[in-house]
Amino acid sequence: EEVTYGEVDPSEMTKPANVERAIISAYSVLNGQIDGATNALNSPSSNWSFGDVTSDDSYKGGGGTGDQNNIHQMEIYNENSTTLDIERKWVALYEGVKRANEAMRLLNASSDFEASLKSKRMAELRFLRGHFYFELKKIYNRIPYIDETATTVADYAKSNTTLSSDELWTKIEADFQLAYADLPATQSELGRPTKIAAKSYLAKVYLQMSGEPLNDATAAEKSAAYAKDVIDNGPYSLELVY
C-alpha cells in the first residue's frame, strides 16, 4: 500500500501527457546522446567517424593519434567489436529503437488519446524507428530486428541472421511507408517529421535496396521517382551562394 517514489505507476503511463513524454524520449536519441557524456562524439548522428574519417574525405584530427585513438583505429581499418565507437553507436541506435517501440505500446494502450493525433504520433514513431533501423542496417548490415510486439525474453533474443538482408530492408521500408501515409504535409512544431521527409527517406531506402547484394532494378526506379518528386514538389531549394 506504500506510495512508490521515483517512478510512474503503470496505469499513469497511458495518460496522453505521459505518452507524449515517452514519444519525446524517442526523439531525444537522435543526437546520439544516451548517457551523461558531455557530447555524442563516439556515437555521432552525422556518422562522420564512420563515413568521412574511414574514407579519404577527412582526417580524425585532434592532438595526434592518441586523441580519440579508437577513431584513429577506425581510420586505419584496425577496429574490432570492442572498439568504443562501434559499440556505442550500436547501443545508441538500439536505445532509440527501444524507446520508439515502448512509446508505440503506450500509445496503442492509451484509450484517452485523441484519435487523429494518435494516428499522427504513431506515424512519427514509425518514422523514428525507421531512421534508427536504417542507420543500423547501413552501418552493421545484418542486425536483430525487434518491434513493439516484443514482450517476452524470447521475443528479444533475436539473432542477426533471423531476417535476411532483403527482409530487413522490407521492414524498414514498411515503417517509412506508413509514416508517409499518415504524416501531415507540415508540422506546427519544428523537428517533427513531415510527409516529404518520409518520402525523402524512402528514396534513400530504395537506393540501398537497389545495390548489392539485392541489385533490385525496380527499387532503383522507385528511388529515382521519389527523389525527383521531393526535388520538384518539396518546399525546399538549394541555398544560394554569393
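This report describes a helix pair, a nonpolar core and two individual residues in a predicted model.

Residues are numbered from 1 along each chain as its sequence is written, and side-chain values use heavy atoms, with hydrogens and water left out. Because the model is predicted, local features need pLDDT of at least 70 and side-chain atom pairs count only at pLDDT 80 or more, whereas totals for chains, interfaces and linings use all residues.

Helices here are DSSP runs (H or I, at least four residues), numbered from the N terminus. The axes of helix α8 (residues 195-209) and helix α9 (residues 217-233) come within 8 Å and cross at roughly 155°, where axes are lines fitted to C-alpha atoms over the stretch in contact and angles run from 0 to 180 degrees between N-to-C directions. The two helices α8 and α9 are therefore roughly antiparallel, a term that applies to angles over 145 degrees. Their crossing is left-handed, meaning that the near helix is turned anticlockwise from the far one by less than a right angle. Among the α8 residues that meet α9 are Ile 196, Leu 202 and Tyr 206, and the partners in α9 include Ala 219, Tyr 226 and Val 230. By class, this contact has 11 nonpolar, two polar and three charged residues; Ala, Val, Leu, Ile, Met, Phe, Trp, Tyr, Cys and Pro count as nonpolar, Asp, Glu, Lys and Arg as charged, and the others, Gly among them, as polar.

The largest nonpolar core (buried Ala, Val, Leu, Ile, Met, Phe, Trp, Tyr and Cys residues joined through side-chain atoms within 4.5 Å) has 48 residues, of which Leu 125, Tyr 133 and Leu 136 touch the most other members. At least two residues of this core come from each of α2 (16-27), α4 (84-109), α5 (115-140), α7 (165-182), α8 and α9, and α5 supplies the largest share, 10 residues.

The table lists contacts (heavy atoms within 4.5 Å), leaving aside neighbours within four places in sequence.

| Residue | In contact with |
|---|---|
| Leu 125 | Ile 23, Ala 26, Ala 100, Ala 103, Met 104, Leu 107 |
| His 131 | Leu 30, Phe 176, Tyr 201 |
| Met 13 | Val 8, Asn 18, Val 19, Leu 106 |

His 131 lies in helix α5 and is buried, with a relative accessible area of 16%, while Met 13, in helix α1 (residues 10-13), counts as partly exposed at 22%; buried means under 20% relative accessible area, exposed over 50% and partly exposed in between, with a 1.4 Å probe and protein chains only. The C-alpha atoms of Met 13 and Leu 107 are separated by 9.4 Å, although these residues are 94 residues apart along the chain.

Terms used: Angles under 35 degrees count as roughly parallel, over 145 as roughly antiparallel, 65 to 115 as roughly perpendicular and the rest as oblique.
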